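Here's a friendly walk through one protein model, taken a few pieces at a time. Have a look at the structure first, then read on.

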Amino acid sequence: MGKSLIIVESPAKARTLQKHLGKDYTVKASVGHIRDLPVSTLGVDIDHDFTPQYVTIKGKAKVISELKKAAQEAEQIYLAPDPDREGEAIAYHIAEALKTIKKPIRRVLFHELTHKAVLAALEKSGEVDHHLFEAQQARRVLDRLVGYQISPLLWDKVRRGLSAGRVQSVAVRMVCEREDEIEKFVPEEYWSVTTRLAGPQPPPFQALLEKVDGRKLDNRKRKIANQDEAEGLVGQIKEAELKVAGVDKKQQRRRPSPPFITSTMQMDANRKLRFSAKKTMAQAQRLYEGIDLGKEGPVGLITYMRTDSTRVNDEALGMARDHIKQAYGADYLPAKPVQYKTGKGAQDAHEAVRPTDVSRTPESLAGKLDKDMLALYTLIWKRFVASQMAPAIYDQTSIRIAAGPDGRHELKATGSIMRFPGFMTLYVEAMDETPEDGKESGKSGKDAPLPDLEEGQILKLEEITPKQHFTQPPPRYTEATLVKALEENGVGRPSTYAAILSTIVDKEYARLTQRKFYPTDLGRMVNQLLVAHFPKVIDTDFTAKLEQELDEIETGKVDWVQVMRNFYGPFQQNLEQAKEEMKSVKHSAVPTGLNCPQCEGELVIKWGRKGEFLACSNYPDCKHTQDFTRDEEGKIKPLEREAPEESGESCDKCGRPMVYKHGRFGKFLACSGYPDCKNVRAISTGVGCPEEGCDGELVQKVSKRGKVFYSCNRYPKCTFALWDKPVAKPCPLCNSPFLVEKSNKKGRRLVCPDKECRYSEELPEENE
C-alpha cells in the first residue's frame, strides 16, 4: 500500500502530524495561502458577478511544484489546513492546483493535534466545504472592494500610504467616538459621607451614608451635591442616635467563568499577562500546532484557538473532573459536569479553547515551554479546569443604620466572609476598568470584618468624614475592552480581532499609550472623512449585518454573489459622490489672520503627518512652521519653539555645536548650523560595540513602531543590536565591558548582559 499525502499550512503542524502518523503518511506544508488576489490591481471583475482574479502568490510556484510531485507519488491526498474559513480557502486552492493529478482528495479537520484526535479526524474526512470557502471568498472580495477603492481616495485627499478597511475603519471610529465622549464629558461634583462606628462588640467598622430622607443616593438623580449639603448632613448625623435598623445575612454563590473562546482568551491575556491580541494568537497558534516535549516529540497542547463556542466534549470533561477530584478533593467537584451556553450567533464549529490533556499541568511543562508560551498555557489550563469546579460560597452581610432626625437617613455597611473558595482556589477572571476605578467611594470593602450586631442596638460614632468626588468619563479602550466591544457589536470575527487591533496602530490611526487606545490626529481626520462620505460602510450595525450574511453564506442560506450586489450598488454611489465632494486636506490652507514671525505673510493651518500645524502662506519663499493649540473658545494659540538643547559635542563637518532635536524616529543629534550644515548623527551611549573585530560604538535608535533600541553605528556592516540601554560601566564580577539597564514594577537596576553572570545593582528612581 502506498503512502497518503497530508497537506497542512504550517511546517510546525506538519512536524507534529508526522510524529503521530509515522511512515505510512507524508506530511507537507503549503506555508499559508498559495493563491490570492493580485497586489497591484483590484483583482475583482465587478461586471461579471464579482469574479475573483486569483494569482499564484509570489514565491509559491516552487511550493505548488513540490506539492504536485508529492501528490503524484501518493495514493490519497488529505487537505488539512486549519478548520476555519481561511483554512478552507487554502484547502480549496490546493485542491484546484492538484486536480490534474487525478488522485482522491479529501478534507480533514484537526481540532486538536493528539494521536487519538488525529486518527479520529482522518476517519471522518470529507469533501472541501464549498459554502465555507465562498464565505471566505465573500469576505476577501468585500475587503478588497472597500480597501482598494477608498484607499486611493485617501491618498489623493490626505496623503499617500493611507488605507481604509471595512472592519478596521469601524474600530477606528469606535476609538474616535470614545475620545469625543471623553472630551465632551463635564465632571459633576458629588460628596460622600463615611463614618467609623463601634457597637457593643468589636471590631469598629465603616458605614457609608446611603439614603437621605429615605431616598437612595446614586450620584446621578440623587446625590450630595456640594460641601454645604455634605457638612449639613454631617451635623445631623453627629447629633442623632445611630441605631441598627436591620441586619441582612445572605449566602451567595459565585460560579466559574466558562472555558475560553477566542475573544475571552485575548481579553484575559491582555488583562493578566499584558499580551497584545496579536501576541496571544501567535503564542496560541504555537501551542495548537505542537511543541517538542523531548521524548514525546511534538505534541499539540491546546485545541484550535479560533472559536466562539464554549462546548467541550465528554472525554475532556471527564479528564478535568478526575483531576479536580484527585488534586482538590470531592468537595470541589460538582455532582455533574458543568455545561455552558454558547453565545448568540456563535458558529459552534469548534470546541472551546482548552488543554488537549489536563494531566499536562503547567508545572509539568515548566522548562519545556518559553516564558510567554507557558504563561498563556497556564491561563488556558486554569480557566478550563476552574470552569468544572464547584462555585465559591460566601456569606454576605449588610448592616442598615438609621441616622439623622427621626432616623430618616440611612447608613450602610457591607462585608463578606468566604466560606468555601471553590473554583477561586485556582482561577479568578480579571475585571475591566470602570469610570470610577481608582477613586475612593467610601464604601466598606466586601471582605471588611463586621461585628455581630442585632436590630435595635445603639452604635457609637467614632469618626465621620465628608469627601469630595467628581464623576468620571468613560474609560479609553484597552485591547481587552476594544475586543469586547467589537464582539458585543458583532463587528469582525474571533480570527480577525488581533489583525484589526495591530493594523489601526501600524497605520498610525491610533496609538497605544499605557495600554490604552488614543486616536491620532490622522485617525480622527480620516474617520471624519469616512463618516461623512461612507456612513453606512463604517456603521457598526451595518457591519454586523454583513457578518451575519457571511455566516449565512457559510451555511448555504444566501448566495455570495447576491450579497456582493446588495453591498456594491450603494457603495459605488457613495464612492463616486466622495470623489467629487470629499475635501482635499493635503491641499487645504485655512487662514488664521495671524502674521508670520519671519516675514509679512499670513499663517495658515495645514495638515501633515503628525496632524495640523501652522505654516507661512508665502511658502516656498518662507518655510516657517510651528505647532499650535486652541483655547476654550477655539482661538488659535501658536506655540513657541523651545531652544534646542546643547549636547556639548561639536560637528565633525563644520565645528559648530551639535544640539539635540526630535524627529519622526525620536531624539537625535543635529548641527546647530542647519540649513547651512545638515550633519546629523545618532546619540552615542559611550559603549563600544561588543561584536568581535568591530570598532564601532552602540548608538540609540528608534524602530518603526516607536520603540527605542541600541545598535552598532557600523550598520549594515555590523548588525549587533539590543533592546536594553547599555551603560559604560564594567561588571565587577565577570569584567564585562558594560552593563545594561532594566526596569520593572520593582524599579530600575543595572545587570550584566552575560546570562551566566548574575550581577545586579539597584538604581535610584528617575525622579529622585
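Let's start with one residue: leucine 5 has 0% relative accessibility, so it counts as buried (under 20% relative accessible area; exposed is over 50% and partly exposed lies in between, with a 1.4 Å probe and protein chains only). Keep in mind that this is a predicted model, where local features need pLDDT of at least 70, side-chain atom pairs count only at pLDDT 80 or more, and totals for chains, interfaces and linings use all residues. Residues are numbered from 1 along each chain as its sequence is written, and side-chain values use heavy atoms, leaving out hydrogens and water.

**Around leucine 5**

Leucine 5 sits in strand 1; helices (H or I, at least four residues) and strands (E, at least two) are DSSP runs, numbered from the N terminus. Setting aside neighbours within four places in sequence, its contacts (heavy atoms within 4.5 Å) include Thr26, Lys28, Leu67 and Tyr78. Alanine 207, by contrast, is 202 residues from leucine 5 in sequence and 71 Å away in space, C-alpha to C-alpha.

Strand 1 (residues 4–8) pairs with strand 2 in the parallel sense, over five bridges; two strands pair if DSSP finds at least two bridges between them. Valine 8, for one, has alanine 29 of strand 2 as its bridge partner. Put helix 1 (residues 11–21) together with these two strands and you get a right-handed β-α-β unit: with the strands pointing away from the viewer, the path from the first strand over the helix to the second runs clockwise.

Which side chains of strand 2 (residues 25–29) are buried? Tyr25, Val27 and Ala29 are, and they point to one face, while Thr26 and Lys28 point to the other and are not buried. In a regular strand, side chains alternate between the two faces of the sheet.

**Strand pairs further along**

Here are some antiparallel pairs to look up.

| Strands | Bridges | One bridged pair |
|---|---|---|
| Strand 9 (residues 189–198) and strand 17 (residues 458–470) | 10 bridges | arginine 196 and glutamate 463 |
| Strand 12 (residues 242–254) and strand 17 | Two bridges | lysine 243 and isoleucine 458 |

Another place to look is an open sheet of four strands, in the order 34-35-36-37, with antiparallel pairing. Strand 34 (725–727) and strand 37 (760–763) are at the edges with a single partner strand each, so one side of each has no neighbour in the sheet.

**Helices**

Helix 8 (residues 262–273) and helix 12 (residues 371–387) have axes that come within 11 Å and cross at roughly 120°. Axes here are lines fitted to C-alpha atoms, for helices over the stretch in contact, and angles run from 0 to 180 degrees between N-to-C directions. The two helices are therefore oblique to each other; angles under 35 degrees count as roughly parallel, over 145 as roughly antiparallel, 65 to 115 as roughly perpendicular and the rest as oblique. Among the residues that meet are Thr264, Met265 and Asp268 from helix 8, with Ala375 and Leu376 from helix 12.

Helix 13 (residues 479–488) is mostly covered, with seven of its 10 residues buried. Those buried residues pack against several elements, including helix 8, helix 14 (497–506) and strand 18 (510–513). After helix 13 comes glycine 490, with a positive phi near 70°.
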